[in-house]
Each structure stands twice: as C-alpha cells, then as structure tokens.
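Colleague: I'd like to learn how to read a model like this one. Could you walk me through it?

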Amino acid sequence: MREASRRAAAVYALPALAGLALLPYLNFRANRIVSGDGVMIWSPEGGAIIAALALSALALGTVWARAQAVRLACALGALAVLLWSVGQGAAALSADAPEFARVSLGGGFWIAAAFLALAAADAVARMSLGAWARISALLLPAAVFAVALRAGLFDALSILREYDTNRDVFDAALGGHLRLVIGSLIPALAIGLPLGWACFAGPRARMVILPALNLLQTTPSIAMFGLLMLPLGALSRAVPALRDWGVGGIGAAPAIVALALYALLPIVANTYAGLAGVPETMRDAGRGMGMSRARLLARVELPLAAPVILTGIRIVVVQNIGLAAVAALIGGGGFGTLVFRGMGQAAMDLVLLGTVPIVAMAILASLLFDVGIELTRRGGAR
Amino acid sequence: MIRVSGLRKSFEGVTAVEGLDFEVAHGEVLALVGTSGCGKSTTLRMLNRLIEPDAGHIEIDGRDAREVSPDALRRGIGYVIQGVGLFPHWTVAQNIGTVPRLLRWDRARVRARVEELLELFGLEASEYADKYPSELSGGQQQRVGVARAMAAEPAMLLMDEPFGALDPVTRGRLQDEFTAIRRRRGITAILVTHDMDEAFRLADRIAVMDAGQILQIDTPERLLRGPREGFVRQFVGLDDRALRILSLHRVRELSRPAADAPAPNQWVSPDDTLREAASRLIWEAGDSLAVVEEGRVTAEIRAEDIWRTGARGAP
C-alpha cells in the first residue's frame with residue numbers, strides 16, 4: 001500500500017521537476033505577439049536558486065513522506081513556492097523592461113503546476129475523506145491562491161496584464177458564461193426530467209426519445225448553432241415582441257437553446273437509468289403500503305435515483321461549461337469571446353485568460369456535484 | 001375476517017388462479033403453500049389489489065374490497081414483501097412510520113408507535129430508530145419489515161415469504177418471535193411460503209395450492225393425518241409425519257403430576273414441543289422425562305403418551 005502510493009507520488013513529482021529542469025517556467029517577450037526568450041526557474045532574474053531548491057525538496061518530499069497528510073502538505077507547498085516564484089520572477093523581469101514587454105507563463109510552469117496539482121489530488125483521494133473534508137482540502141488552497149491574486153502577487157504576468165486591459169470584457173464574459181450554462185440547464189431539466197420519466201414509464205416512448213436525442217448529441221456544435229439561427233431568426237421576425245426578450249437568430253438565445261439540447265441526452269438517459277435501477281421490491285413495498293404513484297415517485301423512486309440523475313446533471317454542467325465557449329461565434333457571449341478575440345489577435349495570453357476560468361469553473365462544478373452525489377447516496381447505497 | 005370466493009385470474013390467457021374460495025377468521029393465520037408458480041403470490045397480491053382479479057369476491061371485515069380505493073385498502077392491510085423491501089434511504093423509524101404517515105397520524109403518535117413496535121420486536125428504540133437498514137443484520141431487517149407492516153394496526157397482514165432469505169437459525173428464532181407476538185397481540189395473517197415446516201410452525205390452517213387451485217385446506221394436523229391423494233401427499237411429506245405431528249403439540253398437553261424436586265440432568269420445559277421431548281427420550285433411551293419450570297420439577301411426561309399422540313388414528 002505504502003509502496004504503491006510512493007510509486008504514484010514519484011510518477012507525479014519526477015515529471016514536475018523534469019518539466020522545470022528542461023523547459024522555461026517564464027517567457028520574456030518584447031511585446032504581446034512576438035515569441036520570447038525562456039527563463040529557467042533557477043536563473044537569477046527568476047525565482048532564484050533558493051526557490052528551485054525549496055521546490056525540489058518539497059516535490060521529493062511527496063515521494064518520501066509516509067503520511068498522506070504530509071504528502072498533501074508537500075505538494076501544496078511546492079505549488080505555493082512555484083506560484084510565488086512565478087510572481088516574483090515576473091515582477092523582477094518586468095521591473096526594468098519597456099511597457100510593451102510581456103512576461104508569460106512557460107511550459108515548465110504548466111507541466112510542474114499540473115503534476116503538483118495531481119500529486120495533491122492523489123494524496124487527498126488516498127486519505128479517503130468524507131465529501132466535505134475533501135472539498136475543503138481542495139478549496140482552501142484555492143482560497144489562498146485567490147487572496148494572493150487579489151494582493152497583486154501575479155500582476156506582472158501577461159495574463160493579468162491582459163485582464164487589466166480587458167477587465168470589462170472579462171466581467172461581461174463571466175456573467176455571460178454563467179447565464180449560458182445556468183440558462184440552458186434550467187430548461188434542460190424542465191424538459192429532460194419528465195422525458196426521462198416518460199422513457200422509464202413506457203418502452204414505446206423510450207424507443208422514440210432516446211434515439212432522437214442520440215442523433216441530437218452527434219450534431220457538431222457549430223452546425224447546431226448554425227441550424228438554430230434560421231428558425232430562431234424567423235421566429236423573432238414573426239413575433240417582434242420576442243426580440244425584447246433577446247430572442248433572435250444570433251446572440252444568447254440560439255446558444256442557450258443549443259446547449260439545452262445537448263444537455264437533454266445525459267439528463268434523460270440518466271433519469272431513465274436511475275429510475276430503472278430502483279429495485280422492483282421498492283415499488284412493490286411502496287404501492288403495497290398504499291403510496292400513490294406520485295408519492296412513490298417523489299419519496300422513493302426519485303431519492304433512490306438521485307445519485308444517477310445528479311451524475312447526469314454533472315456531466316451536462318461540465319460539458320456545457322466547455323461548449324458554451326463556442327457560443328461566442330454567434331455572439332452568445334461568455335469566455336469564448338476572449339478566446340476568439342485572442343486567437344484573432346494572435347495573443348495567446350488573451351486566449352488563456354478565456355480558457356483558465358472555463359477550466360476552473362468546470363473543476364469547481366465537478367467538485368460541488370461530487371459532494372451532492374455523495375450526500376444523496378447517504379443511506380441509499382451504503 | 002376475510003372471505004374470498006370464486007377468485008380467478010389469468011395472464012394473457014394462461015390461468016394463474018382458478019376458482020379460489022377460503023375464509024380467514026379473526027386472529028387466524030392461514031398459510032398458502034405450494035411450489036413456485038402455483039399462484040400463491042398472485043392470490044396474496046389480489047387481496048390488496050396489487051393485482052386486480054378477473055372475477056370473484058373479496059370481503060374484508062364485511063366490506064367488499066372493491067368498494068374502497070386501492071390505496072386506502074392497502075393502508076389498512078399490512079404487507080410484508082418478499083426480500084424485506086425496506087427503503088434504504090429512510091431510517092428504521094421512518095420505514096416503520098410509512099403507513100401511519102400516509103394516514104396522517106401526528107408526529108408524536110407515529111413516534112410512540114414506532115418505539116412500541118421496536119420494543120415488541122426486541123430492538124432498543126434509542127439504538128435502532130435512527131439507523132439505516134444497511135446498518136442492520138438480516139434478521140433485524142426482517143423484524144423491521146414485519147414491524148412496518150404492523151405499524152398502523154391493520155386488520156390483517158399479508159406476508160410473502162417473510163423469513164425467506166435468512167439462515168435457518170435466525171429464521172427459526174424469528175418464527176418463534178412471530179408466534180410469541182401473535183399470542184400477545186392477536187394477528188390475522190395470510191402467509192405465503194414454499195417451506196412446509198414454516199407453514200406448520202406458524203399457521204393455524206394451511207392451504208396447499210397447485211396450478212392455481214387450492215387442493216386441500218385444513219389444520220396442520222388434519223393435513224398430516226389425512227392428506228388427499230397425489231400432490232398434497234407428496235408436498236406435505238409423509239416420511240416423517242409422526243414427528244411433524246409431534247412438533248405441533250406441546251409438552252404441557254401431556255404432562256402428568258410429579259413430585260417437586262430439583263431439576264435432573266435431562267428435562268424439558270412445558271412449552272417445548274413433543275418432538276423435542278421425543279428426541280431427548282430416544283437419546284436417553286428412557287421412558288419418561290421431568291418437566292421443569294424455574295429449576296424445579298413440576299411434572300413428568302411419559303414416552304408412551306408421546307408415542308400415542310404421534311400414532312395413526314390418534315385424536
């Protein structure tokens with residue numbers, strides 16, 4: 001057991017260190033679009049040799065440590081040193097550089113950060129904590145990071161310079177992205193849950209609904225956005241009042257409709273699977289004691305199916321957080337705006353400014369749903 | 001009092017139950033026995049209208065079962081399903097309180113009833129009320145299953161293989177407990193089982209079913225002494241019928257007066273069955289046994305009396 005966890009730790013720690021040893025952890029560029037010069041972590045203008053040594057010691061500590069809590073502390077410590085030296089390095093590099101010069105994150109940083117995060121997640125998983133303890137073990141470091149971010153530790157980095165110049169766009173994108181995800185989830189649930197129940201209640205409905213949704217799911221997202229522009233455009237022309245509500249061929253409406261359609265299959269399929277997975281004896285017991293069908297559904301079938309249904313909703317939310325980026329192509333807003341603008345300007349930092357929040361949102365949503373699923377399992381699957 | 005007449009049901013042209021007539025008196029336990037597929041579970045499920053009969057008449061305490069809505073009917077009938085069927089996401093207390101809550105009993109009354117039933121089934125309320133079914137042993141789950149069926153003081157219990165999935169020792173203990181609770185509370189029940197021993201142990205009368213019909217319905221002893229030809233003989237099992245008859249009788253029925261004395265090595269208690277007494281006599285190669293209550297001899301039982309009870313033509 002301990003050997004296994006040690007091997008796993010080595011799998012994370014060694015690539016993290018190799019990444020930092022072989023690739024620059026920062027890139028210094030004369031302006032935002034030219035390619036730049038790599039800066040290694042031990043170079044004097046960077047985090048300096050002390051940071052490199054501390055980081056190596058902590059990374060190797062994850063392999064040496066016996067207790068998983070110590071491994072977690074080492075991994076988080078290494079991550080903290082890495083982030084600190086990135087902030088310091090960027091500040092030092094841009095201190096006496098011209099205004100257009102940019103310091104961006106290098107390949108070494110991304111590799112090291114990813115593998116150290118994996119090492120931390122692995123340690124948390126091996127501690128077999130309860131849902132809430134697990135989420136706080138991951139959210140606490142995130143909060144520390146957020147405080148460092150607010151305090152300006154990373155302000156010299158190009159991604160934050162981009163944030164500084166695009167602050168309005170970023171804030172609008174955040175609101176727009178949330179609106180797309182939540183706005184599509186609500187109708188998808190309102191339609192998907194009853195459809196899932198219909199699939200469960202009647203095999204004939206199932207044989208129509210599931211293949212149709214499968215077909216929907218295989219439509220490429222850009223094609224779907226395009227296909228929706230026509231009917232929604234026609235609709236808003238026919239009923240001009242709808243335009244006040246934002247319904248039109250382009251904008252958020254077709255994006256929300258498309259995302260809701262993509263959400264249907266996982267919700268319907270998991271609702272059906274969850275209800276079908278409720279043992280027949282449960283229904284027999286409920287009906288035999290005089291529960292009405294509605295009560296049986298609300299009190300017995302849905303609670304017992306909840307973990308499976310929530311898993312479907314989790315898939316949908318994570319999937320749509322990512323898919324919503326494409327909505328920017330038809331003027332739907334969201335973080336895709338930053339990504340596509342960055343691509344247009346060949347400014348990778350702007351692309352990153354759109355991508356990192358999407359990834360962070362997806363991870364956060366996934367974690368929250370994990371807790372929800374575990375809580376609904378209580379009693380149920382023990 | 002349950003009166004069933006002319007009950008018939010077929011599924012897609014295949015007859016499941018045909019022309020069933022029987023009655024269960026207040027406080028009586030009737031066992032429906034037979035091989036799988038003989039229609040005994042179908043019969044049980046028609047009584048609470050989980051299956052609607054094609055024809056026939058079911059009367060419960062003088063009321064036609066069809067006059068009541070199915071849900072209301074079922075709330076008045078305790079149902080112990082095959083495989084326990086406790087709701088895994090509800091605590092023991094919530095499970096037992098299912099029907100009382102459906103009947104809108106107030107909280108305090110439900111709580112009091114739950115505690116009373118847990119105590120009746122030998123489960124400490126403070127320890128078990130808030131546990132989930134998965135935290136209980138198989139035997140405890142079955143107890144809670146029966147307690148749940150009895151929660152709203154139903155006119156009768158329908159029990160579908162209630163102790164089916166248990167090991168023989170636990171099953172025996174639960175059967176004894178059920179008998180003891182019956183004696184204290186008076187339970188009217190219809191019990192479905194394929195286990196003839198269980199039927200002999202728990203039922204006042206046994207209906208042997210085959211191919212959707214009742215072949216014979218009688219008390220255990222009359223069934224053993226006078227089984228009709230064919231399937232009933234085979235199913236009742238005549239090889240050890242003398243011993244089975246003995247197991248239907250208690251030592252106290254045959255005890256004779258004896259002088260007070262301390263308990264000897266081998267003895268029986270008045271509530272032991274004659275079968276147990278016979279076994280002990282054979283083992284000891286004796287011809288009488290002391291009957292002991294609270295460490296003192298109170299009576300004796302003689303081998304010849306036991307043998308006579310188990311003999312052909314005995315009363």
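**Reading the sheet, the helix pairs and the contacts**

Modeller: Happy to. Keep in mind that this is a predicted model. Let's begin with a sheet in chain B: it is open, has four strands in the order β11-β14-β13-β12, and its pairing is mixed.

Colleague: Which strands of chain B stand at the edges?

Modeller: Those are β11 (256-257) and β12 (267-268) of chain B. Each has a single partner strand, so one side of each is left without a neighbour in the sheet.

Colleague: And in which sense do β13 and β14 of chain B pair?

Modeller: Antiparallel, over six bridges, with β13 of chain B covering residues 288-293 and β14 of chain B covering residues 296-302. To find the register by eye, start from S288(B), which sits opposite R302(B) in β14(B).

Colleague: Which helix lies across β13 and β14 of chain B?

Modeller: Helix α14 of chain B, residues 303-310. Its direction makes an angle of about 50 degrees with β14(B).

Colleague: Now helices. How do you describe two that pack together?

Modeller: You describe two packed helices by the angle between their axes and the distance between the axes. For a case here, take helix α3 (residues 68-95) and helix α4 (residues 107-126) of chain A: their axes come within 8 Å and cross at roughly 160 degrees. That makes α3(A) roughly antiparallel to α4(A).

Colleague: Is the crossing of α3(A) and α4(A) left-handed or right-handed?

Modeller: Left-handed. On the α3(A) side, the residues that meet α4(A) include L72(A), A75(A), L76(A), L79(A) and L82(A). Among their counterparts in α4(A) are F109(A), A112(A), A113(A), L116(A) and A120(A). By class, the contact of α3(A) with α4(A) has 16 nonpolar, one polar and two charged residues.

Colleague: What about α9 and α11 of chain A, at what angle do they pack?

Modeller: At about 125 degrees, with the axes of α9 (residues 221-238) and α11 (residues 252-276) of chain A 9 Å apart. The two helices, α9(A) and α11(A), are therefore oblique to each other. As for handedness, α9(A) passes α11(A) in a right-handed crossing.

Colleague: Which residues make that contact between α9(A) and α11(A)?

Modeller: From α9(A) you have S221(A), M224(A), F225(A), L228(A), M229(A) and L232(A). From α11(A) come A253(A), P254(A), A255(A), V257(A), A258(A) and L261(A). Sorted by class, the contact of α9(A) with α11(A) has 11 nonpolar residues, one polar and no charged.

Colleague: Does another helix pack on α11(A), and if so, which one and at what angle?

Modeller: Helix α8 (residues 203-218) of chain A does, at about 140 degrees, with the axes of α8(A) and α11(A) 8 Å apart. α8(A) and α11(A) are therefore oblique to each other, and this crossing is left-handed. The α8(A) residues involved include I209(A), L210(A) and L213(A), while α11(A) brings L261(A), L264(A), L265(A) and V268(A), among others. L261(A) is worth clicking on, as it belongs to the α9(A) contact and to the α8(A) contact. The class split for α8(A) with α11(A) is 11 nonpolar, two polar and one charged.

Colleague: Let's zoom out. How is chain A divided into domains?

Modeller: Into domain 1 (2-157) and domain 2 (167-377), whose C-alpha centres lie 34 Å apart. Their contact takes eight residues from domain 1 of chain A and eight from domain 2 of chain A. On the domain 1 side, β3 (102-105) and α5 (131-150) of chain A are the elements giving two or more residues, and α5(A) gives the most, with four residues. That side of domain 1 of chain A divides into five nonpolar, one polar and two charged.

Colleague: And what is the domain assignment of chain B?

Modeller: Domain 1 spans 2-240 and domain 2 spans 245-310. The C-alpha centres of those two domains of chain B lie 33 Å apart.

Colleague: Last one: how many residues are in contact between chain A and chain B?

Modeller: 16 residues of chain A are in contact with 18 of chain B. Within chain A, α12 (280-288) and α13 (293-323) each supply at least two residues. The largest share comes from α12(A), six residues. By class, the side of chain A that touches chain B has seven nonpolar, six polar and three charged residues.

Terms used. Residues are numbered from 1 along each chain as its sequence is written. Chains are lettered from A and ligands numbered from 1 in the order in which they are written. This is a predicted model: local features need pLDDT of at least 70, side-chain atom pairs count only at pLDDT 80 or more; totals for chains, interfaces and linings use all residues. Axes are lines fitted to C-alpha atoms, for helices over the stretch in contact, and angles run from 0 to 180 degrees between N-to-C directions. Angles under 35 degrees count as roughly parallel, over 145 as roughly antiparallel, 65 to 115 as roughly perpendicular and the rest as oblique. A crossing is left-handed if the near helix is turned anticlockwise from the far one by less than a right angle, and right-handed if clockwise. Two residues are in contact if their C-beta atoms, placed from the backbone, lie within 7 Å. Ala, Val, Leu, Ile, Met, Phe, Trp, Tyr, Cys and Pro count as nonpolar, Asp, Glu, Lys and Arg as charged, and the others, Gly among them, as polar. Domain bounds come from an automatic or database domain assignment. Two strands pair if DSSP finds at least two bridges between them.
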